[in-house]
Amino acid sequence: MNDVPLILRVKFVVPIGISLLLAGCVPGGRSELEEPASVQTMETAAGTGSEPYRWRLPAGFPMPLLPSGNSMNAAKVELGRHLFYDRRLSGNETFSCASCHRQKYAFSDGRVVAEGSTGEKHPRNAMSLTNVAYNRAFAWADPKLSSLEDQALVPMLNEHPVELGLAGRKREILERLAADPEYRTLFSQAFPVPRSIRFEHVVRAIAAFERTLLSGNSAYDRRVFFDEKDALSLSAERGMELFFSQRTRCAECHSGFNFSGTVVFRGGEKLPIEFHNTGLFDLDGEGAYPEPNRGLFEHTRRPEDMGRFKAPTLRNIELTAPYLHDGSATTLEEVIETYAAGGREPGRGNHYKSPLVTGFEISESEIRDLVEFLKSLTDRSFITDARFSDPLQAE
Ligand code: HEC
Ligand code: HEC
């Protein structure tokens, strides 16, 4: 590795979180790792090399918490945006992150389950990237994925199923990028020291871009934060009451400014992430969910974790159908009817089901109201914002 020209040198310097993940996931966990201390030094240098990133936080949103070792700067975000949309970031150059996370669907993909660059189906539905800067954990039910940097490695290196298909090809990918003069400029602006394109720079830049994907400009926000009395229809107003009511209990799991489970932010308390079984399956009368979608159980193997998933954000939910971890609900009406019935048959009898999912009475017109409210969480500016779009198509 030492005789590679500086610009192409591939050393793998990663923060501890990522290195632990890699040690577990990369076959043979080779010794591409350097001690993490040097990362901090380089970051400080990089931080001074570019314009600071100027946050435009939506009203009521706290400041995101940044991991040590990946400060924000404008050049890094721009580089991350290019990489997010770049198909050279897949083994066969057909796929990018954006293939499964499309802006018009609030960065989900519109499919029941995702499909990777080699056509392999993912067992789960592609998630929206709305406000991922605040997530406490990533994916439908993975307690170990606690940073965007760690998460980005999953679609890159995953082999079961193949998503971007980069396993064993990091060097090739870096060479592809280094061959492009525009990337050489972008990388040197984003990471002035050291002057080489490194895999962890790719990961950090993408994570920095993802942190900018903030969405808080919906009719609901205009109603609540800007006191626009008419922002919500009467139906949506009634739906809002239902959503926050003791009857439906929706807000007990989809809570706070992000209408989601546990969030993290600067100055906030670091609370544990919660996972819930909402009574969707019971294959054997013992509570079983179908493999490999058994939720938290896949990671802990504890029986009580069977079927427990993260409560995702409901912001932009209108744009991210189909729904649930397996994409098995087509419409919002269907999701609400399932909650009203206390789960699906026979999953509603699952003895690991959350005590918050007991079922409730709801009329047809109330279902319409609740759907209207959920639609009031749609932020059209998020899906048209040029800062989040494909840089090559925007120019
Ligand atoms: C093949 C389609 C596909 C590709 C390509 C893909 N993703 Fe995903 N993404 C998914 C799926 C499916 C999930 C849910 C994963 C799970 O639950 O195991 C997901 C989840 C995520 C999440 C978690 C969101 C949350 O709220 O927890 C983030 C962040 C993310 N992807 C970012 C990326 C980035 C960055 C890239 C490119 C490096 C990428 N994805 C490439 C399909 C894809
Ligand atoms: C016990 C906690 C809990 C309660 C109460 C709850 N949810 Fe959920 N919600 C979840 C979890 C967990 C998921 C993911 C479940 C899965 O995919 O298996 C989810 C998923 C959803 C989804 C699909 C999200 C997506 O991205 O696909 C919608 C929509 C939704 N909930 C709306 C509601 C509404 C409306 C209510 C009130 C009627 C409600 N939830 C009550 C925990 C809860």
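E241 is located in helix α10 of this predicted model. The residue counts as partly exposed, because 14 C-beta neighbours lie inside 10 Å, and the class of buried residues begins at 20. E241 is separated from L370 by 129 residues in sequence, yet their C-alpha atoms are 8.6 Å apart in space.

The helix that holds E241 also packs against another helix. Two packed helices are described by the angle between their axes and the distance between the axes. For helix α10 (residues 234-243) and helix α14 (residues 364-375), the axes come within 7 Å and cross at roughly 95°. The two helices are therefore roughly perpendicular to each other. On the α10 side, S235, A236, R238, G239, M240, L242 and F243 take part in the contact, and they meet E366, R368, D369, L370, V371, E372 and F373 of α14. By class, this contact of α10 with α14 comprises 7 nonpolar, 2 polar and 5 charged residues.

The chain as a whole can now be considered. Its secondary structure comes to 16 helices and 0 strands. Of its 395 residues, 46% count as buried. Among contacts between residues at least 6 apart in sequence, 69% join residues at least 24 apart.

The nonpolar interior comes next. In soluble globular proteins, nonpolar side chains tend to be buried together. Here the largest nonpolar core holds 53 residues, of which A205 and I206 touch the most other members. Two or more residues of this core come from each of α3 (74-84), α4, α5, α6 (170-178), α7 (181-190) and α8. The greatest contribution is that of α8, which gives 8 residues.

Helix α8 also holds R211. Is R211 buried or exposed? R211 is buried, because 23 other C-beta atoms lie within 10 Å, and 20 or more are required for that class. Leaving aside neighbours within four places in sequence, R211 is in contact with P64, M72, A133 and L148. Between R211 and W55, which are 156 residues apart along the chain, the C-alpha separation is 9.8 Å.

Two ligand surroundings can be described in turn. Ligand 1 is surrounded by 26 residues, the closest being C97, C100, A139, W140 and P155. Helices α4 (97-100), α5 (148-157) and α8 (199-211) are the elements that give two or more residues to this shell. Helix α5 gives the most to the shell around ligand 1, with 5 residues. By class, the shell around ligand 1 divides into 17 nonpolar, 6 polar and 3 charged residues.

A139, one of the residues closest to ligand 1, lies in the loop between α4 and α5. The phi angle of A139 is near 75°, a positive value in a residue other than glycine. A139 counts as partly exposed because 16 C-beta neighbours lie inside 10 Å.

Around ligand 2 there are 26 residues, and C250, C253, Y323, L324 and H325 come nearest. The elements that give two or more residues to this second shell are α11 (250-253) and α13 (332-340). Which helix gives the most to the shell around ligand 2? It is α13, with 4 residues. The classes in the shell around ligand 2 are 17 nonpolar, 7 polar and 2 charged.

Some backbone features in the loops remain to be noted. E93 has a positive phi of about 60° although it is not a glycine. E93 is placed in the loop between α3 and α4. With 14 other C-beta atoms within 10 Å, E93 is partly exposed.

Cis peptide bonds also occur in the model. One joins H160 and P161, with omega about 0°, and P161 lies in the loop between α5 and α6. Another runs from E291 to P292, with omega near -5°. P292 is found in the loop between α11 and α12 (297-300).

Conventions:
Residues numbered from 1 in each chain as written. Chains lettered and ligands numbered in written order. Predicted model: local features only at pLDDT ≥ 70, side-chain atom pairs only at ≥ 80, totals over all residues. Axes fitted to C-alpha atoms, helices over the stretch in contact; angles between N-to-C directions. Parallel < 35°, antiparallel > 145°, perpendicular 65-115°, else oblique. Contact = placed C-beta atoms within 7 Å. Nonpolar A, V, L, I, M, F, W, Y, C, P; charged D, E, K, R; others polar. Near = placed C-beta within 6 Å. Buried ≥ 20, exposed ≤ 12 C-beta atoms within 10 Å, placed from the backbone. Core = buried A, V, L, I, M, F, W, Y, C linked by C-beta atoms within 7 Å.
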